[in-house]
Amino acid sequence: MRALILEDEINLREILKMLVGEFGYEISEAGSLKEAFSQIDERIYDLILVDLRLPDGFGMEVVRKVKKEQLETEMIIITAFATTETIKEAFELGVYDYIEKPFNVDELKLILRNVTEKIRLKGKTEEDFPLIVGKSKVIERLKEQIKKIAPYDVNVLILGESGTGKELAARAIHKLSPRRNKPFVAINCAALPMELLESELFGYKKGAFTGALSNKMGLIEKADGGTLFLDEIGDMPLQLQAKLLRFLEEKTFIPLGSTQEKRVDVRVLAATNKDLKREIEDGRFREDLYYRLATITLCTPPLRERREDIPILVEYFADIFSKKYKKRVRKISPRFIKYLSSLPLEGNVRELKNLVEREVILLDDDGVLGAGFSFESFSIQDVEIPPEGVNLKKILEETEKNYLLKALKLAEGKKTKAAELLGLTFREFRYRLGKYTPQRGDKED
Ligand SMILES: Nc1ncnc2c1ncn2[C@@H]1O[C@H](COP(=O)(O)OP(=O)(O)OP(=O)(O)O)[C@@H](O)[C@H]1O
C-alpha cells in the first residue's frame with residue numbers, strides 16, 4: 001500500500017509520516033500542490049492525506065483531480081480551517097474523512113485504522129457479487145458469464161444502453177480476476193478531446209508540447225498489472241484507435257515526446273452503447289480494433305427487460321442513500337414501486353437510482369419512501385426521438401405557434417379571449433403571437 005502526505009509544515013509532515021507509516025504504507029511526501037500533482041501523475045496511491053491550505057493553492061484541487069481521474073484513492077483531509085461548503089464538497093467527491101488541526105493523535109489513528117481496513121478489503125474477492133443487484137434470469141446469466149470469463153486474461157467488450165451497469169460489470173470482472181489487487185483504471189473516451197485523451201492514456205515527457213511542464217504517467221502505465229477500462233470506446237477518434245490497436249498488439253507504447261518504448265501488462269475492458277458494427281460500416285470504427293477488443297462480448301440488459309428486479313434495486317438504493325443522508329426508511333410505498341415499474345426508464349438503473357435518491361432526501365417523518373411522490377409529474381408521454389436526434393427548439397416553436405393560432409381561431413380572432421383560452425395575459429399572448437405573425441395595429445379586440 002502506498003500513501004502520499006501533502007502537508008507544507010515540515011514538522012507536522014514528519015509526525016504524519018510516522019503515524020501513517022505504522023499502518024504499513026510506503027510513503028511519499030509533497031509540500032505543495034505542484035509537487036502533489038506530479039506525484040499523482042507518476043503513480044497510484046491507495047491513500048492521500050490532504051492539507052487544504054498550501055503555499056501555491058487549495059488542497060481541494062487534489063481531491064478534484066483524483067475524482068476526475070476516477071482513481072480508487074482514499075483521501076483524508078487535515079485542516080485548520082474549512083468551511084461547511086468545503087467539507088460538503090469533499091464528502092460529495094468521496095473523501096473518506098476529515099480531521100481538524102490541531103488533531104488528536106488517537107482520533108487520527110482511528111481514522112487511519114478504518115481507512116486501511118477499507119483499502120485492504122477492496123482487494124478481496126466478492127464471490128457473490130454484492131454489487132450487481134438483481135435476480136432476474138438475464139442478470140443471473142450476466143453474473144454467471146462474468147464469473148466464467150473473469151479469471152482469464154482476455155479482453156472483453158461490454159455492450160449495453162447507458163446506465164445499465166457496464167462499468168459495474170467491468171469492475172466485477174476486475175475484482176474476480178487475479179489482477180484484483182492491482183489498479184482498476186477507468187477513462188471515458190467520449191469526455192475528452194482527442195489530444196487530451198491521447199496524453200491521458202499514453203502520458204508524455206516534459207517538454208513534449210507547450211504546457212507539458214513535467215513528465216506525466218499515462219493511464220495505461222498506471223494500470224500496469226491491473227485492468228484498464230475504456231468506457232464509450234465507440235467515441236474514440238480514429239487516429240487514436242490506430243494507436244490503441246498498436247498497443248493491444250504489442251503491449252508496448254511510447255509516451256508523447258519520448259523515444260523510449262514502455263512495456264506494460266494490462267488487461268483491457270471496453271464498453272459502448274453504440275452499435276459498433278454500424279460504426280464500422282460507416283467508417284468510424286476500425287474493424288481490426290473491434291476484433292482485438294471483443295475477444296468476448298457481454299451484454300448488460302436494459303431495465304425494461306427485467307422489471308422484476310425493480311423492487312430489489314429500489315430497496316438496495318434506499319439502503320445506500322438512507323445511510324448517506326442519515327435518514328430512516330421504515331417502509332417503501334408499494335404504490336411508488338408500482339409506479340416506477342410502469343415507467344419507460346430509458347435511463348435504466350441510473351435513472352432508478354436517481355429517483356430513489358431524490359425520494360430519500362424528501363423522506364417524511366413517517367419514514368415511508370415514495371409516499372409523497374408526485375406520480376403525475378413523472379408520467380412521460382410517449383415521444384419519438386430518432387437516432388439522429390431532434391431539434392427541440394423547433395418542436396416547441398411549432399407547438400406554441402399551433403396553439404396560438406388554434407386559440408385565435410376558436411376565439412374568432414379576439415385576442416383577449418384567445419389569451420384566456422391559453423392561460424395567458426393579453427400582452428403575453430400578443431408577444432408570443434408576434435414572433436410568428438407580422439403585427440399590424442394591435443387592438444385588444
Ligand atoms: N445491477 C446493478 N446493481 C446495482 N447497481 C447498479 C446495477 N446496474 C447499475 N447500477 C448502478 O447504476 C449506475 C450506472 O451504472 P454504470 O455507470 O455501471 O452504467 P453504464 O452502463 O456504464 O453507463 P454509461 O454507459 O452511461 O457510462 C451506477 O451507479 C451503478 O452502480
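UniProt positions follow the numbering used here, and an annotation there may be inferred rather than shown by experiment. Keep that in mind for the second view. Everything below comes from a predicted model.

**View 1. The whole chain, before zooming in.** The fold of this chain counts 18 helices and 18 strands. Of its 445 residues, 31% count as buried. Take the contacts with a separation of 6 or more: 69% of them join residues 24 or more positions apart.

**View 2. Asp-51 and its surroundings.** Here's the annotated spot: an unreviewed UniProt entry gives Asp-51 as "modified residue: 4-aspartylphosphate". Asp-51 sits in strand β3, which covers residues 47-51. Is Asp-51 buried or exposed? It counts as buried, because 23 C-beta neighbours fall inside 10 Å and the cut-off for buried is 20 or more. Skip the neighbours within four places in sequence, and Asp-51 is in contact with Leu-6, Glu-7 and Asp-8, plus Gly-59, Ile-78 and Thr-79.

**View 3. Strand β9 beside β12.** Strand β9 takes up residues 184-188, and four of those five residues are buried, so the rest of the structure largely encloses this strand. Next to it in this view is β12 (residues 227-231), which pairs with β9 in the parallel sense over five bridges. To pick out one of the bridge partners, look for Phe-184 and find Thr-227 in β12. As for side chains, those in a regular strand alternate between the two faces of the sheet.

**View 4. The shell around the ligand.** There are 18 residues around the ligand, and the ones that come nearest are Val-133, Gly-165, Lys-166, Glu-167 and Val-349. Which elements give two or more residues to this shell? They are α7 (166-175) and α15 (348-361). In terms of domains, at least three shell residues come from domain 2 (142-300), and at least three from domain 3 (303-378). The mix of residue types goes like this: five nonpolar, eight polar and five charged.

**View 5. Lys-327 in its loop.** Look between α13 (310-324) and β17 (331-332) and you'll find Lys-327 in the loop. Lys-327 is partly exposed, because 17 other C-beta atoms lie within 10 Å, and partly exposed is the class between 12 or fewer and 20 or more. Setting aside residues up to four places away in sequence, Lys-327 touches Ser-322, Val-360 and Leu-363. Gly-367 belongs in the frame too: along the chain it is 40 residues from Lys-327, yet their C-alpha atoms are separated by 8.1 Å.

Conventions
Residues are numbered from 1 along each chain as its sequence is written. This is a predicted model: local features need pLDDT of at least 70, side-chain atom pairs count only at pLDDT 80 or more; totals for chains, interfaces and linings use all residues. Helices (H or I, at least four residues) and strands (E, at least two) are DSSP runs, numbered from the N terminus. Two strands pair if DSSP finds at least two bridges between them. A residue is near a molecule or strand if its C-beta atom, placed from the backbone, lies within 6 Å of it. Ala, Val, Leu, Ile, Met, Phe, Trp, Tyr, Cys and Pro count as nonpolar, Asp, Glu, Lys and Arg as charged, and the others, Gly among them, as polar. Domain bounds come from an automatic or database domain assignment. Two residues are in contact if their C-beta atoms, placed from the backbone, lie within 7 Å.
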